[in-house]
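Biologist: I should like to examine this structure with you and to ask, for each description, what justifies it. Please set each value against its definition.

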Amino acid sequence: MAYPEKYKYTKEHEWIEVAGNVGTVGITDYAQNSLGDIVFVDAPKIGSKVEKGAVFGSVESVKAVSDLYSPVTGTVTEVNEELHASPEKLNTEAHSAWIMKVELGDAAELGSLLSAADYEAFIAEETAK
Amino acid sequence: MRYLPKSDAERAEMLREIGASSIDDLFVTVPEEYRLTRDLKVPRQMGESEIVEHFKATAALNANGYSSFLGAGAYRHYRPVVIDSLVQRGEFLTSYTPYQAEITQGTLQAIFEFQTMICELTGMDIANASMYDGSTGAAEAVMMAVRITGRDGVLVARTVHPEYREVMHTYAQHQGHDAREVGYIAEGQPGAGRIDLAALEQAVTDQTACVLVQSPNFFGVMEDIPAIADIAHKKGALLIVSIAEAVSLGIVRPPVEADIVSMEAQSYGVALSYGGPYCGVLAAKEKYLRQMPGRLVGETKDTEGRRGFVLTLSTREQHIRREKATSNICTNQALVALMTTIFLTVYGKEGMRELALQNLAKAKYAADTLSAQGKLLFAKTPRFHEFVLETDEAPEALNARLLEKKIIGGLSLSKWYPELGNATLWCATELMTRAQIDAAAAAVAAALVSAAAR
Amino acid sequence: MATDKFVGTTRKVTAHLTQNENLSFEKSSPGKKGYKLAPLDVPEVEASALLDGAVRADVGALPELSEIEIIRHFTRLSTWNYAIDLGMYPLGSCTMKYNPRVNEFVSRLEGIAEAHPYQPESLSQGALGVVKLLQDCLIEITGMDAITLQPAAGAHGEFTGILLARAYHQSKGNARKHVIIPDSAHGTNPATAASCGYQVINLKSNAQGGVDVAALAQMVNEDTAALMLTNPSTIGVFENEIHKIADVLHDKGALLYMDGANMNALVGKTRPGDFGVDVMHLNLHKTFSTPHGGGGPGSGPVACKKILEPFLPSPVLAQGADGLLHWNYDRPESVGRVRMLYGNFGMFVRALAYILANGPDGLRQTTEDAVLNANYIRAKLQDVYELPYNTPSMHEVVFSDKRQTKNGVKTGDIAKRLIDYGFHPYTTSFPLIVPGALMIEPTESESREELDLFVDAMRQIAREVDENPEVVITAPHSTRISRLDETTAARKPVLRWKAPAASTPVEVDTPAKEW
């Protein structure tokens, strides 16, 4: 699957799409593929604060739990309720099934995130290990 | 040694094949100074007949042939013989946690039936595959409520079993919970023996995670669950109902207003066995599923579309989540849960009601008969099969006299409720006969007479 | 399975038919009874009057079945289980040894099974005598000074043990902050430390899979409450620098907690109390043969050194001047209760019967046979399965699937294939320090014949992996059901039966597929 150019990425395999002051966050295709069948998404509460690089939730497969790390600092304005009933969307539509929307606290943080090309290079390196 | 399936010649041959010259070659990693070079000082190896004799002699030193009116969280009910006959099948007795679903469907289906029955009886949506017992189950329920609400205030009724409260306290103190007790309504007032609702209402705040009550409570009295639920829920706190006498659910309205039910299912066909193993179980509203500790069995299908059962949602558990798990619990009480499942299958829909009704009737007769010789406390509040008797004579003296008549009287409450004076907690189940109750009443009366004569 | 590729010969088992059986609820019909109560000999009562209206109209969908149907129901279910009584159950770390029947018999003697926990102590001397003798034996076996039998299971014992450590440090004025746990540990260890309010510090294993003493020494400081160490470790290796480990901890005032899950490798050969352990738990359902029962009940006594004795859970057993045993509740420094009453007494009876059946010579021989069996398997399989750590094995041996993954076969597949050969699988994917682990613990209960059958099965599977991996990847082929859809089970949990209207239509199972 192609990694959309307009997204920014983290080394913990989250993507973020920014529109105005709001970032939409999900996990990458690489992440969903290594996790296997996702059975549950533990998303943050609306209104809660998230911090760049800190855990904001988790996703579960049958036999593993993986923490999710926020690409940015800010306040959660929306969570994708659909994932509660259909967590498999993270597997089937990784780059459109978003987990949360965040009102950005510091837009300057975006500068330190990876571009699609950088991220692809990063995972190529990971895979080669 | 008769449990070891090897001859010395075979051992020697195996060592040769491994390339070891003696068995001690295999223990070389144990530093020499720590190797035990003497026999352990434990009793010598016994023949099977000696072992049986040893334990028969042991059993003879316990109470035998007494009429016992003890309850207080451990109840003597009849245990249909099919229970022991079935649970001693090696396929149940000597298998382990059903991690390999293809060859443990028997255990898995039985647990699924158990979970279903517990839901039906408690009025909850989900139930786990069992906890250690009612006391640790209640403590786990409290921790669960704290996780769900994100609050740390815990209110516990003083009418909850004192030992449950102690256990809850041990668990809570290292979690930073603020656990407080709420008193009960004193003798002589309406609702005597129940949690004090006015005090509860005052104590519940927006920092209260949960209210924990027991019903029937430690005095055998039924709590007013809907009223307690209202008070808790108004402030966003959860209600946990602990049930120590599971047979009551055959006739008593289930605590459907509760958010979590923690039950001790020992009454469902589990031997008293001097205090364990018993069978705790947690049941809850479906929305709290992800915060439920312990194992869960779920229904699914195999690759051919056939129905089968598996352990599921194990990401909550310690072997995956480690320090972030919902609980450190690993082993549960599977075989005991199986006993309760068989018990409930034997009695079934009609039998559970009939059984509970008999308990109610026996306890009513016992309370009426025995209270002729003393004062029945909390007499006007509804109760199940336990009652509190207040006597002029101290419980120790009273019980000493009863023992001479081969009767074990009620449990003295002075240790936990000194304010109740000479109070004893009595229980009469379906196994108690009218003759035993009459004999106990006569002995109590005689005791009073001789006490008066002194 | 039409193929000319290699398919092993399953020497231990032959397919046989098992009965189909629906859920008890689906077999129920109104009016059938499996019980008969004695007639009521006291006046009948009106429930709604006595209970002030809090009466339930209906107890819900409990089944209604006759006795023969109940017997068949559970007997049929039982035949779907594998069990120690059927054969080797090499589930590493779980110690699936023989559960002697005399244990079951004596635990059901009336004066024992019917003993009420609150009956007077003068009428409980038999029960208290069991507690006393078992405590004495376990103290001698572990080399510790004091013990509590109250914890209900291993993890519950860990909780109790760490609470003791905490209370000890607290009594010195500082409860300390963290517990160090090797990355090879059972998941219960970190979960326990967290539930006792400690931060968990992960200790990476060294190249031999053991504790890196130098790394430990750097980590331990005045904030360290304890190290939780499984010895022998989860890869079945004795920590031969155990005395150094104890010294490193004790130098900083920290304690050594030993997870006694693997005590069956040590009984009669060495004692934790002698090699520096301060507190440990035992699993009576592992080392001392009480039945696993499909997942419990367990029993997790905690033994400790004198310095921790004041903090043991209340009550503790005591003996009066008159020789009578009693419970002592006057324990001001106690960590409190961890369970109501006194613990899983029924398990104490069984464990004691086991110790009496063995005596000192039998206990030692048992340990030696367990270690012999594990080493025999190691010797017979190490040319076909990868041995990630070459250190000598004690009671269990851990291989990895490194050679088999080249053919796309993982440890879980080999485990499933073992089922077709008539064995319960070993433990898969644990410990975490071994990727693709095959953790094999035969226990002392296996004869050479059974071990040889197991070795033969494992070798044939290895050959299948090389020549016909498909047959392994799709295993098991001989069971009532094939691999189950665990993903859907977790995504859309169905955790209870519901009456047909609300549930999927029920079809009678088709008989197990022949292959």
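Biologist: How many helices and strands does chain C have?

Modeller: Chain C has 16 helices and 12 strands. Helices are DSSP runs of H or I with at least four residues, strands are runs of E with at least two, and both are numbered from the N terminus. This is a predicted model, in which local features need pLDDT of at least 70 and side-chain atom pairs count only at pLDDT 80 or more, while totals for chains, interfaces and linings use all residues. Residues are numbered from 1 along each chain as its sequence is written, and chains are lettered from A and ligands numbered from 1 in the order in which they are written.

Biologist: What makes the radius of gyration of chain C agree with that of a compact globule?

Modeller: The rule, taken over C-alpha atoms, is 2.2 Å times the number of residues to the power 0.38. For 515 residues this gives a value near 24 Å, and chain C has 26 Å, which agrees. The C-alpha trace of chain C spans about 75 × 70 × 45 Å along its principal axes.

Biologist: Why is helix α8 of chain C described as largely enclosed?

Modeller: A residue is buried if 20 or more other C-beta atoms, placed from the backbone, lie within 10 Å of its own; it is exposed if 12 or fewer do, and partly exposed in between. In helix α8 (residues 188-195) of chain C, 8 of the 8 residues are buried, so the helix is largely enclosed by the rest of the structure. Among them are C:T188, C:P190 and C:S195. Their cover includes α10 (318-321) of chain B, as well as α7 (154-171) and β2 (178-182) of chain C. Just after α8(C), C:G197 has a positive phi of about 85°. Over chain C, buried residues make up 59% of the 515 residues.

Biologist: Which domains does the assignment give for chain B, and how many residues of each are in contact?

Modeller: The bounds come from an automatic or database domain assignment. Domain 1 of chain B is 67-77 + 348-452, and domain 2 is 81-344. Their centres, taken over C-alpha atoms, are 28 Å apart. Two residues are in contact if their C-beta atoms, placed from the backbone, lie within 7 Å; by this test 25 residues of domain 1 of chain B touch 25 residues of domain 2 of chain B. On the domain 1 side, α11(B) gives the most, with 7 residues. That side has 15 nonpolar, 5 polar and 5 charged residues. Here Ala, Val, Leu, Ile, Met, Phe, Trp, Tyr, Cys and Pro count as nonpolar, Asp, Glu, Lys and Arg as charged, and the others, Gly among them, as polar.

Biologist: What makes a set of residues a nonpolar core, and which members of the largest one touch the most others?

Modeller: A nonpolar core is a set of buried Ala, Val, Leu, Ile, Met, Phe, Trp, Tyr and Cys residues joined through C-beta atoms within 7 Å. The largest has 347 residues, of which B:V142, B:L212 and C:Y257 touch the most other members. α11(B) gives the most to this core, with 22 residues. Leaving aside neighbours within four places in sequence, B:L212 is in contact with residues including B:A138, B:V142 and B:I240.

Biologist: Where does UniProt place the feature "domain: Lipoyl-binding"?

Modeller: The unreviewed UniProt entry places this feature at residues 22-103 of chain A. Over residues 22-103 of chain A the chain is 18% helix and 43% strand, with end C-alpha atoms 5 Å apart.

Terms used. UniProt positions are given in the numbering used here, feature names are shortened, and annotations may be inferred rather than shown by experiment.
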